[in-house]
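Dear colleague,

Please find below the structure that I am handing over to you. My notes on it follow, and I would be grateful if you read them with the model open beside you.

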Amino acid sequence: MINYILKIILLTIIISVNSNAQTINSIVVTGNKRISTETIIMFSDVNKSDVNEQEINTILKNLYNTNFFENVEVSISDNLLTIKVKENPIINNIVIEGVKSAKIQDFILDNIYFKPRYSYNTYYIKEDKIKVSSFLKDLGYYFSEIDILTELNENKNQINLIYKIDLGKKAKIKNIYFTGNKIFKDNKLKSLIVSEEHKPWKFISGKKYLNENHINLDLKLLKNFYLNEGYYDVKINSSFAKLVDNEKFELIFNIDAKNKYYFDNLELVLPNDFSIENFSKINDLFDELKGKPYSINRVDKILTALDTISTNDQFESVKSTVEENLFENKINLKFTIKETEKIYVEKINILGNNITR
């Protein structure tokens, strides 16, 4: 990518010597072997009228952006526009070395940028290394090493790519710790998350290996647990893995549960044409919840119940919302049902039916 930018800057300097606009009578393309002259002219999007410095720069950018060319030069002389190109090699074959699992090989091949018949560009080497490394880390291979080698056939201008991978050992989770104002014991919190400590008898489970996706899920599970135990303001401040041995990590979650909150006043606001009697069970539930610890699941269930009752009463175009107000260690909730704009089906078209009307 840096080489690409430097080429454009250099060519811009060269072209700036002849910055006056010229009328183009004809276009000549040289250096192309695989890509036709007509295709290159189409990609350049050149205008045969007056061409100035800015339009030449645009031609350069258009051609480089195709990723088909290693080098492009554009010049104008005696109303003749000359485009000189050097084509990037075409990828002939891609080989994965160092990985025995066919499933892992297939996933790598499906997700890397390069594919057979693609134009080769060194810019995407780094991008593919990052993709493969990230995927292997998800499998627990935090110590993998990746090198991408090339074999160029100059006569055919074709290139073979070899992804040479040393998986290394899987990163094991030696211990899981919970720090901060966590309220609950470690054993309880460990039972909630996906990640597990590495133990000799857990030879099947893949959860004993460090996995960023598992850790992100752990954070959500921990937060939902605290929210359902009344800790409305809980903060999972951080989670990080600390390398303690050559292949083992300590997984640490820092938690600040803060204060515990309780349901106080719960209120239901209905549109004028709604019958309060249809929502008697909701009001009974409000009475039961008052004084109980706050729970996000209970709030979600109330919203679902409101939508269900409204739909059963043939009020399809409604939306239920909740407004939460905090006072000391109490939460007041106001549930509101609002009618939304109705959308009508004007016509139904069925296509492709050759037998049934």
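Strands E7 and E8 form a hairpin, with 4 residues between them. In its turn, Asn 157 has a positive phi of about 55°. Please keep in mind throughout that this is a predicted model.

The two strands of the hairpin, E7 and E8, run antiparallel and are joined by 9 bridges. Two of the residue pairs may help you to find your way: Asp 147 stands opposite Lys 164 in E8, and Ile 148 has Tyr 163 of E8 as its bridge partner.

The hairpin belongs to a wider arrangement. An open sheet is formed by 3 strands in the order E6-E8-E7, and its pairing is mixed. E6 and E7 are the edge strands, each of them pairing on one side only. On average, neighbouring strands of this sheet are turned by 20° against each other, if direction is ignored. Helix H5 packs on the sheet and touches E7 and E8; the direction of H5 makes about 140° with that of E7. As for E6 and E8, they pair in the parallel sense over 7 bridges. Here Ile 90 stands opposite Gln 158 in E8.

Which elements give two or more residues to the largest nonpolar core? This core has 22 residues, of which Ile 108, Phe 114, Leu 136, Tyr 163 and Ile 165 touch the most other members. The elements in question are strands E6 (90-97), E7 (145-153) and E8 (158-166), together with helices H4 (102-111) and H5 (123-138). The largest share, 5 residues, comes from H5. In soluble globular proteins, nonpolar side chains tend to be buried together. Leaving aside residues up to four places away in sequence, Ile 165 touches Ile 96, Glu 97, Gly 98, Val 99, Ile 108, Val 132, Leu 136, Glu 145 and Ile 146.

The loop between H4 and H5 holds Ser 119. Is Ser 119 buried or exposed? Its relative accessibility is 7%, and therefore Ser 119 counts as buried, the cut-off for this being under 20%. Beyond residues up to four places away in sequence, Ser 119 touches Arg 34, Asn 67, Phe 68, Asn 88, Pro 89, Ile 90, Ile 91 and Phe 114.

One of these contacts, Asn 67, leads to helix H3, for Asn 67 comes just after H3 and takes a positive phi of about 70°. H3 covers residues 53-65, which makes 13 residues; at 1.5 Å a residue it should span 18 Å, and its end C-alpha atoms are indeed 18 Å apart, so the two values agree. The buried residues in H3 are Ile 56, Asn 57, Ile 59, Leu 60, Leu 63 and Tyr 64. Why do they lie on the same side of H3? They cover an arc of only 155° around the axis, which puts them on that one side. An α-helix has 3.6 residues a turn, so residues three or four places apart point the same way. The exposed residues Gln 54 and Asn 65 are carried by the face of H3 turned away from its buried side.

Lastly, Gly 180 lies in strand E9, residues 172-181. Gly 180 and Phe 253 are 73 residues apart in sequence, while their C-alpha atoms are 8.6 Å apart in space. Not counting residues up to four places away in sequence, Gly 180 touches Asn 254 and Ile 255.

Yours sincerely,

A colleague

How values were computed: Residues numbered from 1 in each chain as written. Predicted model: local features only at pLDDT ≥ 70, side-chain atom pairs only at ≥ 80, totals over all residues. Heavy atoms only, no water. Expected span 1.5 Å × (residues − 1). Buried < 20%, exposed > 50% of the residue type's maximum accessible area, 1.4 Å probe, protein only. Arc of directions from axis to C-beta. Core = buried A, V, L, I, M, F, W, Y, C linked by side-chain atoms within 4.5 Å. Contact = heavy atoms within 4.5 Å. Pairing = 2+ DSSP bridges. Axes fitted to C-alpha atoms, helices over the stretch in contact; angles between N-to-C directions.
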